[in-house]
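Please look through the sequence and the 3D structure shown below before reading on. The briefing that follows takes up a few topics in turn, each with its own bullet points.

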Amino acid sequence: MADTARPARLRYTATQQALHWVTAALVLAVLPLAWIAESLAREAPAKGTMFVLHKSVGLTILAVVVARIVWRMIHPAPPHPGTPAALTLLGRVNHWLLYAIFLVMPLSGYLLSALAGRDTPYFWLFTAPGLARNEALQPVFKQIHLVGQWAVYALVVLHVLATAWHVAIRRDGLHERMLPAQRPQV
């Protein structure tokens, strides 16, 4: 009797791959926008523009990560038979911590701004309204956002180093799950 079970999918879906790389590009954009905005003088004409861009990219990250989580719930990560269970667990923990920090950062950033009574323009298309000024809660979200910044650095560096380790040392092809399938050369 022939085995009629479908073979295990060894790659993330095209949607998961696209959302991953869009997230990576947005993270690479949001960080320098914040650094530039913070480094400009208070009265610099570009400061407001840089913050609008930073906040807009941050809110986009929030939307993309929510989509990623929903998609991942429907389409679990593909197995990688050659990876030891402990490494698989470490990878999953890092991924879920990345999801968590990419939810916490935009939410804390929005609340930091909103609790100062400021509206948040989204790429000058529409405005997320500010909230009633709350000088007691605003420092809490500022601290969360600042600590979260370092968590982003640590988790992203860990993720990139783990990928480099899988590519250069283990040479197990794990990273290929997040890349489009290549046609064999004839």
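What covers the buried residues of H4? In this predicted model, the cover over the buried residues of H4 includes H1, H2 and H3. The points below begin with helix H4 itself, and then go on to the nonpolar core, a histidine in H3 and the salt bridges.

**Helix H4**
- Helix H4 is made of 33 residues, and the distance from its first C-alpha to its last is 46 Å, which is close to the 48 Å expected at 1.5 Å a residue.
- The buried residues in H4 are Gln138, Phe141, His145, Gly148, Val152, Leu155, His159 and His166.
- As background to that list, an α-helix has 3.6 residues a turn, so residues three or four places apart point the same way.
- Arg171, which comes just after H4, takes a positive phi of about 50 degrees.

**The largest nonpolar core**
- The largest nonpolar core holds 20 residues, and those with the most contacts inside it are Val57, Ile61, Val65, Ile101 and Phe102.
- At least two residues of this core are supplied by each of helix H1 (14-39), helix H2 (45-74), helix H3 (85-114) and helix H4 (138-170), and H1 gives the largest share, with seven residues.
- In soluble globular proteins, nonpolar side chains tend to be buried together.
- If neighbours within four places in sequence are left aside, Val65 is in contact with Thr23, Tyr99, Phe102 and Leu103.

**His95 in helix H3**
- His95 is found in helix H3, and this residue counts as buried because its relative accessible area is 19%, where buried means under 20%.
- When neighbours within four places in sequence are set aside, the contacts of His95 are with Arg72 and His159, and His159 is itself one of the buried residues of H4.

**Salt bridges**
- The count of salt bridges comes to two, and as a general point, side chains of opposite charge can pair when their charged atoms come close.
- One salt bridge joins the side chains of Arg133 and Glu135, with a distance of 3.3 Å from N to O; Arg133 is exposed at 54% relative accessibility, and Glu135 is exposed with a relative accessible area of 58%.
- Another salt bridge is formed by Asp172 with Arg170, whose closest N and O atoms are 2.9 Å apart; here Asp172 counts as buried at 19% relative accessibility, whereas Arg170 is partly exposed, with a relative accessible area of 28%.

Methods
Residues are numbered from 1 along each chain as its sequence is written. This is a predicted model: local features need pLDDT of at least 70, side-chain atom pairs count only at pLDDT 80 or more; totals for chains, interfaces and linings use all residues. Side-chain values use heavy atoms; hydrogens and water are left out. A nonpolar core is a set of buried Ala, Val, Leu, Ile, Met, Phe, Trp, Tyr and Cys residues joined through side-chain atoms within 4.5 Å. Buried means under 20% relative accessible area, exposed over 50%, partly exposed in between (1.4 Å probe, protein chains only). Helices (H or I, at least four residues) and strands (E, at least two) are DSSP runs, numbered from the N terminus. Contact means heavy atoms within 4.5 Å. The expected span of a helix is 1.5 Å times one less than its number of residues. A salt bridge is a side-chain nitrogen of Lys or Arg within 4 Å of a carboxyl oxygen of Asp or Glu.
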